[in-house]
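Student: I would like a close look at a single part of this model. Please show me the structure, and then I will ask about one place on its surface.

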Amino acid sequence: MAPPAKALFSRTSNGSDTDDKEFLIPEHMQNNARVVHWIRQYVSIVAGCVAGVLGLTNVVGFLVYPLFQLLAILIILSKTNS
């Protein structure tokens, strides 16, 4: 296994130089962005299927998409404890 990539930059959570530094590793950031992109695509497909199966058309059918995206954002935030 390759050694971890060098951190992009570091910062401390309380403003002092202690051992509780947070590192932003480019590979991890790319993976996180890829996962969020995949989730958003999947949620879009599911929202379209739900709207189609329920026969929702016009504005009501369109409102299913932002509702599902909001739900996905809330789930992601709850999983990341933000």
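Student: Which residues form a nonpolar patch on the surface, and about how much accessible area do they have together?

Tutor: The model is predicted, so the confidence values come before the patch. The mean pLDDT of the chain is 83, and 74% of the residues reach 70 or more. Confidence varies among the elements: α1 has the highest mean pLDDT, 94, and strand β1, residues 10-12, has the lowest, 54.

Now the patch. V53, L54, L56 and V60 form a nonpolar patch on the surface, and together they have about 390 Å² of accessible area. To place it, start with the order of the elements. The chain has two helices and two strands, and from the N terminus they run β-β-α-α. Helix α1 covers 26-54 and helix α2 covers 58-79, and L56 sits in the loop between them. L56 counts as partly exposed because its relative accessibility is 31%. Residues enter a patch of this kind with over 30% relative accessible area, and L56 has 31%.

N58, in helix α2, deserves a look as well. Its relative accessible area is 68%, so N58 is exposed. The backbone of N58 has a phi near 60°, which is a positive value in a residue other than glycine. Most residues other than glycine have a negative phi.

Further along, L63 is also in helix α2. L63 counts as partly exposed because its relative accessibility is 49%. Its C-alpha atom is separated by 9.6 Å from that of A47, and these two residues are 16 apart along the chain.

Q69 is another residue of helix α2. Q69 is buried because its relative accessible area is 7%, and the cut-off for buried is under 20%. Leaving aside neighbours within four places in sequence, Q69 is in contact with R40, V43 and S44.

Helix α1 also holds W38 and Y42, which are four residues apart and so separated by about one helical turn. A search of the whole structure finds one aromatic pair. W38 and Y42 form that pair, and it is stacked, with 5.5 Å centre to centre and 5° between the planes. W38 counts as exposed because its relative accessibility is 55%, whereas Y42, at 48%, counts as partly exposed.

Last, the chain as a whole. Buried residues make up 12% of its 82 residues. The accessible surface of the chain comes to about 6,900 Å², and 66% of that belongs to carbon and sulfur atoms. Among contacts between residues at least 6 apart in sequence, 18% join residues at least 24 apart.

To return to your question, the patch consists of V53, L54, L56 and V60, and L56 is its member in the loop between α1 and α2.

Note on methods. Residues numbered from 1 in each chain as written. Predicted model: local features only at pLDDT ≥ 70, side-chain atom pairs only at ≥ 80, totals over all residues. Heavy atoms only, no water. Patch = residues over 30% accessible without salt bridge, like charges linked within 9 Å, V, L, I, M, F, W, Y side chains within 5 Å. Areas by Shrake-Rupley, 256 points an atom, 1.4 Å probe, with all protein chains shown as cover. Salt bridge = Lys/Arg side-chain N within 4 Å of Asp/Glu carboxyl O. Buried < 20%, exposed > 50% of the residue type's maximum accessible area, 1.4 Å probe, protein only. Phe/Tyr/Trp six-rings, centres within 6.5 Å; stacked < 30°, edge-to-face > 60°. pLDDT = per-residue confidence, 0-100. Contact = heavy atoms within 4.5 Å.
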